[in-house]
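Please open the structure in your viewer and keep the selection tool at hand. We will go from stop to stop, selecting a few residues each time and reading what is there.

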Amino acid sequence: NASGSIDAIRAAACAALSKEHGEVRRLPAEGGGGVVRRLRDSLHVGLCVPAECADDGAREVLELALPLWLGVGTSAGVSAHCCGRVLGMHTWTSQGPVSKQFRHRERVYRGLKHAVPISPHFMDCVGAFAEQEPFFEARFGAALAPRILRAWGHDRLWNIVTEPLETDLERIAMEDHAVCVAHGHRYVGVQVGRPFGEPLLQEHWGMCVPDICTDEAVLRSLLPATVPVKAFLTVEEVFPWGKLPVDFVIAGFAKCGTSTLAANLHRHPRIRMADCPDESDICEFGLWTSEHAHEFLLPLSTMAGLQLTPPALRGVKDSRLVERDRAISRLAKLGPSVRVIVVIRDPIDALESNYNALECWRVQSFSAMVRAGATDCLATPFGQGGGAGRGWGSWSSRLELLLSKLPASSVRIVHLESLTAVGSAGRTYGALLRFLGLSEAGFPADFEPTVRNRRSGPRGVDLCASEHHRTLALLKERYAEEYTRLASLLEASGSEVPRSFAERRTRCDRRPATEADPDRTASRSERRGVGD
């Protein structure tokens, strides 16, 4: 194979494993005697490999991962599922994978050296800093976000790799901030970049400064000696996630109607949703999972953007919030006073809709994804769990995690159908307003809920087509328990359970079965093998 002969791999394995697992054996006298260290006839050992190397049984483990671990192969043989590429990005040690792109660090910068003239306008700042210089220097240069690489993907679909020991970096930054503020000082974030056309901001790191120091004073008096003069800099105060000025959050899962709910609530005179222009089809801020997903502390500009004039309630919609453990933990830091509305729909309908919206047929066929037990066409990044996509799979498990972090009285789960169906929409919106502590009378008399972000154009896959009947049957079997658990969560939340959901009827069961509509279905050349 590409990594060397089987005999070479076997010899290298014996030599490497004999050092730790070999047994001393005495050679027979007729052979010259003496002792030798040899392996037992059978030995089971464990090997940590990327999830991408398990997509083709054991072949990629034997031909790529094992030779690389034994030092007799290279990662040149990149497989279709990127096993070789991920192997090449890491050094595999007994403690696990170590990224070659990201070297371990604790701080971006260390120490301040004042070797530049100080403007008289900033002498108070410099003097206050000099009085406690050891204290401030000990809390200088902590990374406020990990370094990130787009590891692999296609078009709109990319997975990312963050630098190792990200949790240690976050702990250092949070400790620096807490100690700095407790002593009456300011903790600011500094971003460094170099002008190239438009300034490109790169590293984001923090520093503790005296309360008397303005952002301009930090830029002009404290930083020039540490950061190269030609660098482009920004300075802005940063705050913990628990300080977010947010009253309620619309969360849930992609393609479940969060945009519809956000746009309709935004029409209430006492509700303002972040980043929800009236003319737009999408109300999306993505605070926890996109805009600031990897930041340990939030900049002042983000906090200020959420400040609204009372008595309006401040709302943020993040349609993927419940999918990620870190996002749920950060949401919980807002305390029990925050209100969370989670929108769900038929999980099979949502799975199909999400597949089409992301154009996943360019990466993997729908039937292959279902057979593999995945709910997303991108495999999970290494180190974040196996094979279930980006946390999108079991909604009930994600909701139970959310309810373990916040009181049940702070969470309301609703079904998309109850937000749009004639007869139930009025009741549902009225219940949600009461949940938020508002009067139902706030909506205009002629208020009618609208539907936002509805997909138009051809489908990459039409699950109702006859070619997908087997896949649909398999999904219904796999989601049987999930339907039951989600219905129980809806009832426990005090929300209606639509009849179609209780009867587990997907959109294919709610309309006559037909062949795939050629006007609504992408061609086979577009889909690249989506069918069963």
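Which residue forms a salt bridge with E175? Select E175 together with R171, and you have the pair, whose closest N and O atoms are 3.6 Å apart in this predicted model. Both residues lie in helix α6, where they are 4 residues apart, about one turn of the helix. With a relative accessibility of 43%, E175 counts as partly exposed, and R171, at 42%, counts as partly exposed too.

Next, move to helix α7, which covers residues 215-222, and select E216 and R220, two residues that lie 4 positions apart in this helix, about one turn. Their side chains meet in a salt bridge, with 3.2 Å from N to O. Here E216 is partly exposed, with a relative accessible area of 45%, whereas R220 is exposed, because its relative accessible area of 53% is over the 50% cut-off for that word.

Now return to helix α6, residues 166-182, and select E170 in it, together with R330 in helix α11, residues 325-332. R330 forms a salt bridge with E170, and the closest N and O atoms of the two are 3.4 Å apart. This pair links distant parts of the chain, since its two residues are 160 residues apart. Are these two residues buried or exposed? R330 has a relative accessibility of 3% and therefore counts as buried, and E170, at 14%, counts as buried as well, because the word applies under 20%. If you add E166 and R326 to your selection, you will have four residues, E166, E170, R326 and R330, that are linked in a network of salt bridges. A search of the whole structure finds 17 salt bridges, and the tour has shown you some of them, including the one between R330 and E170.

For the last stop, select strand β15, residues 339-344, in which 5 of the 6 residues are buried, so that the strand is largely enclosed by the rest of the structure. Then add strand β11, residues 248-252, which runs parallel to β15 and is joined to it by 5 bridges. To find one place where these two strands pair, select V249, whose bridge partner in β15 is V340. Finally, add strand β16, residues 411-415, which pairs with β15 in the parallel sense, again over 5 bridges. Within this second pairing, V343 stands opposite V414 in β16.

Key. Residues numbered from 1 in each chain as written. Predicted model: local features only at pLDDT ≥ 70, side-chain atom pairs only at ≥ 80, totals over all residues. Heavy atoms only, no water. Buried < 20%, exposed > 50% of the residue type's maximum accessible area, 1.4 Å probe, protein only. Pairing = 2+ DSSP bridges.
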